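Me: I am new to this structure and would like a close look at a single part. Please begin at one residue, and explain each term as you come to it.

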Amino acid sequence: MSGNYYNFAAIRGVQAGSEYYVVMVPLKMVSKIFEFDSQELPADLRAQRVLSNVRVPQIASYLSENFEEYTLSSLCASIDGDLEFFPASDGLQFRNVGELRLSMTARIILNDGQHRRAAIEEALKTRPKLENETISVVLFVDEGLERCQQMFADLNKNAVRPSGSLNVLYDRRNPLARLSTRVLEDIPFFQAFTELEKTSLSNRAKNLFTLSSLNQANKWLAGQDADRFGENTESTVIAYWRQVSEVMPDWQKLTRGVITAGDLRKETVHAHGVMLQAFGVLGARLIAAKPDGWAESLAPLAGIDWSKRNVQLWRPRVMGARGMDGSVKSVHLAANVLIGAVGLLLNEKEQANEDDYLASLAEEKVIA
C-alpha cells in the first residue's frame, strides 16, 4: 500500500462469506476517521438516518458526567478504499489476529453509531481526558450504497431494546430507578407481585404490576430526581407503599392466595398501572398536606368500590371502550378520586381537570 495509512491492531472474522475486522480506535480519532452521509441528501441516497438534535446532547452529557464509569457499544462502518491485513502469524492460532492498514484516502462510512460519533466529539470538549480511551469498531469492506443501506436496516431491525422494567432494575446510576428497586427489596408485596422484565402483563400472569409502572408511580410520588422529601425520601416512599399495600383488601387477599392477580386485573381498576400511578400522585399530595398524619388518612381507600362494573365512577375516567386508559389525563382523573377519598380538597389544577372531565360527560349526554 503506497501513501499514508492508519495502522490498527485488529481481529479478522468472516460473515456471509466476507471478511470483516474489529479494531480499537482512540476517541480523539473517531470524528477524524469516520464519516456519516450528509444530512442534506435525500433518504434514498443516504446509508444512515439524519442526526437527532436530542440524542446527541443526551449521549454527550452521559459521557461527560460519567466519564469514570461509562459504557459505549461498538461502532459499525464500511470501508471504501485500500486496506491490507497482516496476520501476526501463519499458524492456525494467530492467523486472524494481526495488523490492519487503511489508506488515509479511504472513505469510512458509519453504518451504525453516528449519534455516538457526534456525542464523542462533543464530550471531548468538556472532558478532554477521554481522548486516549478507545471504542471498538467493526469494519466491513464497502460494497456500495445499496449494501450499506441494507446493513443499516439489518442492524436496527434485529436490535432489541431492553424493556423499561429491565432498564429500571439494572440502572444503578438513576436515583429514581434506585428508589424503585429499594421499594422492591423492602416491601414483601411488591417483591412478590412485581414483574421485573416485561412492561406488560398477560391475563394469566401471576404478577400484578410491572417494575416500569412502579417506577413511573414513584416519579409522581418522589419526583424525577427522587428527592421530593429531602433526605427522608427513601424511607418516606417505602413507608407509603407499605401502608398502601396494607390498607388495600384485595392486595391482602392476593398475598394470602385467596384471589389471583389475573382475577384482579379482570375485575378491578386498582390492578393496573394507571391506578398505581394515581396512588403515586396521591402520596405526593397527602404527605405534603399531612406530613405527620398521612398514614392514618389512607384508611378510606379500603372502602372504595374498585370494581370495573362501577362504570359511573371509572368510565371513562380510567376505562375506555377497549379497556383501561393509561394516559396522563387518566392518571390525574383517577388521582382526583383518591384525593377526595382521603379527605383532601382538590387544588386549582386538579379541580380544573375535574371540571373539564365533568363537562365532557355532560356534553356526551346532550349529544346522545
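**From a surface residue to a nonpolar core**

Reply: Phe 94 is partly exposed, because its relative accessible area is 43%, and on this scale buried means under 20%, exposed means over 50% and partly exposed lies in between, with a 1.4 Å probe and protein chains only. The model is predicted, so local features need pLDDT of at least 70 and side-chain atom pairs count only at pLDDT 80 or more, while totals for chains, interfaces and linings use all residues. Residues are numbered from 1 along each chain as its sequence is written, and side-chain values use heavy atoms, with hydrogens and water left out.

Phe 94 sits in the loop between strand 4 (83-87) and strand 5 (97-103); helices (H or I, at least four residues) and strands (E, at least two) are DSSP runs numbered from the N terminus. Together with Ile 11 and Val 97, Phe 94 forms a nonpolar surface patch of about 260 Å² accessible area. Such areas come from the Shrake-Rupley method with a 1.4 Å probe, and for residues only the protein chains shown count as cover. Patch members have over 30% relative accessible area and no salt bridge, with nonpolar side chains joined within 5 Å and like charges within 9 Å; a salt bridge is a side-chain nitrogen of Lys or Arg within 4 Å of a carboxyl oxygen of Asp or Glu.

Turning to the interior, the largest nonpolar core has 59 residues, of which Phe 190, Trp 241 and Phe 279 touch the most other members. Helix 12 (residues 273-289) supplies the largest share of this core, 9 residues. A nonpolar core is a set of buried Ala, Val, Leu, Ile, Met, Phe, Trp, Tyr and Cys residues joined through side-chain atoms within 4.5 Å. Helix 12 is largely enclosed by the rest of the structure, because 14 of its 17 residues are buried.

Trp 241 belongs to helix 9, where the buried residues also include Val 237, Tyr 240 and Val 244. Leaving out residues up to four places away in sequence, Trp 241 touches, among others, Ile 187, Phe 190, Leu 214 and Phe 279, contact meaning heavy atoms within 4.5 Å. The cover over the buried residues of helix 9 includes helix 6 (175-186), helix 8 (211-222) and helix 12.

Ala 177 lies in helix 6 and counts as buried, because its relative accessibility is 3%. Beyond its neighbours within four places in sequence, Ala 177 is in contact with Val 168, Asp 171 and Asn 215.
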